[in-house]
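Please open the model in your viewer and keep the selection panel at hand. This tour proceeds by short selections, each followed by a description.

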Amino acid sequence: MKQTIRAKKILFLYTELSGYIINSFENALSSGFDVHVINYPTNKEAPFKFTKNKNIYYYSRDQFKSSHDLSILIRDLNPGAIFISGWIDKDYLNALQNLPIKANKILMLDNPWKGTLFQNLWAFYFRIFHKELFDFIWVPGNPQIKYAKKLGFKKQNIFDGLYTCNNKIFNVNNLPSTTNKTKVLLFVGRYSDEKGIKELWQNFISINSSLEFKWELWCVGTGNLWDSRMLDKNIKHLGFIQQEKIIDIISKAHVFVLPSKYEPWGVILHEIVSLGKPVLVSENVGSSYCFTKNGFNGFVFSHKKKNDFKFKMKKILELCEDDLEKMGKESVNLSKSISIESWVKTLNKIYD
């Protein structure tokens, strides 16, 4: 009698969905996993519309009123691995206590280690009260590995590459040709103070006024600073744009800027370099260590150094077309360090 191969069942206790994480779920599905996801409602500041694969089981977080309800689902599903997104949801943590099933339990963490008093106190608390709940931890990259060790995880139980862009969409070969003659500096993100957008507007207006050939700054996004956005003839506020239309905007840009004061990772940077664009990013962007090589595919600046943002912006805006093109090619090379293939490979390692 022929034996049926049972799918590897996994459960994600997640927060807010995004296009890149849904792509990861779909690749897990196509790689033989049976995928179940509990998720929060869509963020109003990032109202992405997703087409969910009907073969992935999605559950609204609202339908679970307590950790007991979550425990019942876990018992009934009997997954081989349970992934929990951070520790913000106490019911998620409580549901892992005294599980009636045997499963690998994985913490997903994207907070970088800053060494603050709060982080040190929390790491101490976590090691005492929560560490025993988890077998492994999965983080985006180096900025988070130190935090993982502080939480008590050993090197062999730490995996990186948690986030990756959708390589099928964000691929330099997919870029439509453009005849846009005006040079464009592009920002994509929330209109919030932590994104450094006010400093971006101020520096751009100051620098652009001194340039012989004017640039345009295109800003894509929305947020609590939308109503106080800076108005200028060379700044375009495009509002929120869905992922399927963003490629056309990016194709017209010459340089991408991400001036965040706090950005644990920033998948958008991976997406942009995959499309072959030079970048100007803050050192506070977690993924900058991976996808930006200072002076090769763009520049990294520090908000702590006076006028460093303005100096680096002026430097990149004054580059010639040939230099920008060379930087774009280097971006593509750097983008290949993390991929959906490596994500699935790590998922298999964790499950087994």
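The stops below visit a sheet, a helix and two cysteines of this predicted model.

**The sheet.** Begin by selecting the strands β10, β9, β8, β11, β12 and β13, which lie in that order in an open sheet of six strands. The pairing in this sheet is parallel. Averaged over neighbouring strands, and ignoring direction, the turn of one strand against the next is 20°.

**The edges.** Next, colour residues 235–239 (β10) and 298–301 (β13). Each of these strands has a single partner, so one of its sides has no neighbour in the sheet.

**A pair of strands.** Now add residues 216–220, which form β9. Strand β9 runs parallel to β10, and four bridges join the two. To see a bridge, select L217 and its partner in β10, I235.

**The helix on the sheet.** Select residues 197–208, which make up helix α6. This helix packs on the sheet and touches β8 (184–188), β9, β10 and β11 (255–258). The directions of α6 and β9 make an angle of about 165°.

**The cysteines.** Finally, display C165 and C290. How many disulfides does the model contain? The count is zero. The cysteine sulfur nearest to that of C165 belongs to C290 and is 11 Å away. A disulfide requires the sulfur atoms to be within 2.5 Å, so 11 Å is too far for a bond between C290 and C165. Are these residues buried or exposed? C165 is buried, because its relative accessible area is 0%. C290 is also buried, with a relative accessible area of 13%.

Key:
Residues numbered from 1 in each chain as written. Predicted model: local features only at pLDDT ≥ 70, side-chain atom pairs only at ≥ 80, totals over all residues. Heavy atoms only, no water. Pairing = 2+ DSSP bridges. Axes fitted to C-alpha atoms, helices over the stretch in contact; angles between N-to-C directions. Contact = heavy atoms within 4.5 Å. Buried < 20%, exposed > 50% of the residue type's maximum accessible area, 1.4 Å probe, protein only.
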